[in-house]
Amino acid sequence: MTKTTNKKSSKYPFDGLSLDDRNPEFIQLILPIWEWLYRYYFRVQSDGWHYVPASGKMLVVGSHNGGIAAPDMFMFLYEWFHRYGTERLAYGLMHPTVWQVSRDIARMAVQCGALKSHPKMAIAALRKNAPVLVYPGGAQDTFRPHHLRNKIYFAGRKGFIKLALRESVPIVPIISTGAHDTLIVLADFYEQVKQFHELGMPWLLGIDPVVFPVYLGLPWGLSIGPLPNLPFPVQIRTRVCEPIVFERYGSEAAGDRDYVDACFDLVTTQMQLQLDCLVGN
């Protein structure tokens, strides 16, 4: 564990393999930009913050929305820092592809608390008694088709459940509506494009995109592939849900496939119920 969290052991600076690269001063520097987006561009409304434990470790689990921009995630981060300050330790898991695409973007994210998405990093942060933010659905979730915008979709990934069980932490779900209207995903053609790749077509920049959406958005109009976009100024509403505490914890519980499945169903069902209520209101 020491090698994972020790800054000097990292092969590259800000590679997401250290808990020490988080920079409260950098977070303070970008907060005014996020605040403007929060108040005037996305006009965010949120509730349920009384459910966040005052201290201690927890796994904050969200549903990704809005393409690469993922505006609901950044707006959640703004309110977290606004409420609890930048000094309160908090980390988030980020897909390793970000480091392949842009080290500059990765460097900024790491200073905000991003860690490379790997169980060892999540465990290290939780054992430091810090909250950890995770979006299990990843790219498949954030680029799911627009007609699924009000559905919790984690692409069947259950690693976060095993993590919570092994580390004996509550899950604090967060949901949002509106962010998936900041672009209109028509469909995902990854499986079709993957067939061309298998026939010899190289991936752009040598990076497997995992998804290959077709969407309507700014500034491209019609976009093909997971390109960055400028979100439409749609109002976003977020909700922090009541923490979920499981009946059993520990390695044995995490290794029980049926129990993991039951816990996964419990979390996704509760999140879907809350999302249905938020959309209905």
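A disulfide is taken here as a pair of cysteine sulfur atoms within 2.5 Å. The model examined is a predicted one. By that cut-off it holds zero disulfides. Two cysteines illustrate the result. The sulfur of C241 has its closest cysteine sulfur in C277, at 9.5 Å, so the pair is too far apart for a bond. For C263, the closest cysteine sulfur is that of C241; the separation is 17 Å, and therefore again too far for a bond. Both residues lie inside the protein. C241 is buried, with a relative accessible area of 5%. C263 is likewise buried, at 4% relative accessibility.

C241 also borders an open space. C241, E242, P243, Q270 and Q274 lie nearest the centre of the second largest pocket, which has 14 lining residues. The volume of this pocket is about 180 Å³. Strand 10 (237-240) and helix 11 each give at least two residues to its lining. Helix 11 supplies the largest share, four residues. By character, the lining of this pocket comprises eight nonpolar, three polar and three charged residues.

Enclosed space was searched for across the whole structure. One cavity of 30 Å³ or more was found. The largest cavity contains about 50 Å³ of space. Its lining consists of G62, S63, D72, F76, Y135, I174, I175, S176 and T238. Helix 3 (71-84) and strand 6 (171-177) are the elements that contribute two or more residues to this lining. The largest share, three residues, belongs to strand 6. Four lining residues are nonpolar, four are polar and one is charged.

Nonpolar packing was examined next. In soluble globular proteins, nonpolar side chains tend to be buried together. The largest nonpolar core in this model has 38 residues. L59, F160, I161, L165, I171 and F246 have the most contacts inside this core. Many elements take part. At least two core residues come from each of strand 2 (58-62), strand 3 (91-94), helix 6 (119-126), strand 5 (131-134), helix 8 (159-167), strand 6, helix 10 (251-254) and helix 11 (257-280). Helix 11 provides the largest share of the core, eight residues. A second core, separate from this one, has 29 residues, including V52, C112, L133 and V240.

Helix 8 offers a detailed view of the largest core. Its buried residues are F160, I161, L163, A164, L165 and E167. An α-helix has 3.6 residues a turn, so residues three or four places apart point the same way. The buried residues of helix 8 pack against strand 2, helix 6, strand 5 and strand 6, as well as helix 10 and helix 11. F160, one of the residues with the most contacts inside the core, shows this packing at the level of single residues. Leaving aside residues up to four places away in sequence, F160 touches L59, V61, V134, P136, F154, I171, F264 and V267. Just beyond the end of helix 8, S168 adopts a positive phi of about 55 degrees.

Two elements recur across these results. Strand 6 gives the largest share of the cavity lining and supplies at least two residues of the largest core. Helix 11 gives the largest share of that core and the largest share of the lining of the second largest pocket.

Note on methods
Residues numbered from 1 in each chain as written. Predicted model: local features only at pLDDT ≥ 70, side-chain atom pairs only at ≥ 80, totals over all residues. Heavy atoms only, no water. 1 Å grid on protein atoms, 1.4 Å probe; cavity = no way out; pocket = protein on both sides within 12 Å on 5 of 7 lines; lining within 4 Å. Points joined across faces, edges and corners; volume = space filled by probe spheres on them. Nonpolar A, V, L, I, M, F, W, Y, C, P; charged D, E, K, R; others polar. Core = buried A, V, L, I, M, F, W, Y, C linked by side-chain atoms within 4.5 Å. Buried < 20%, exposed > 50% of the residue type's maximum accessible area, 1.4 Å probe, protein only. Contact = heavy atoms within 4.5 Å.
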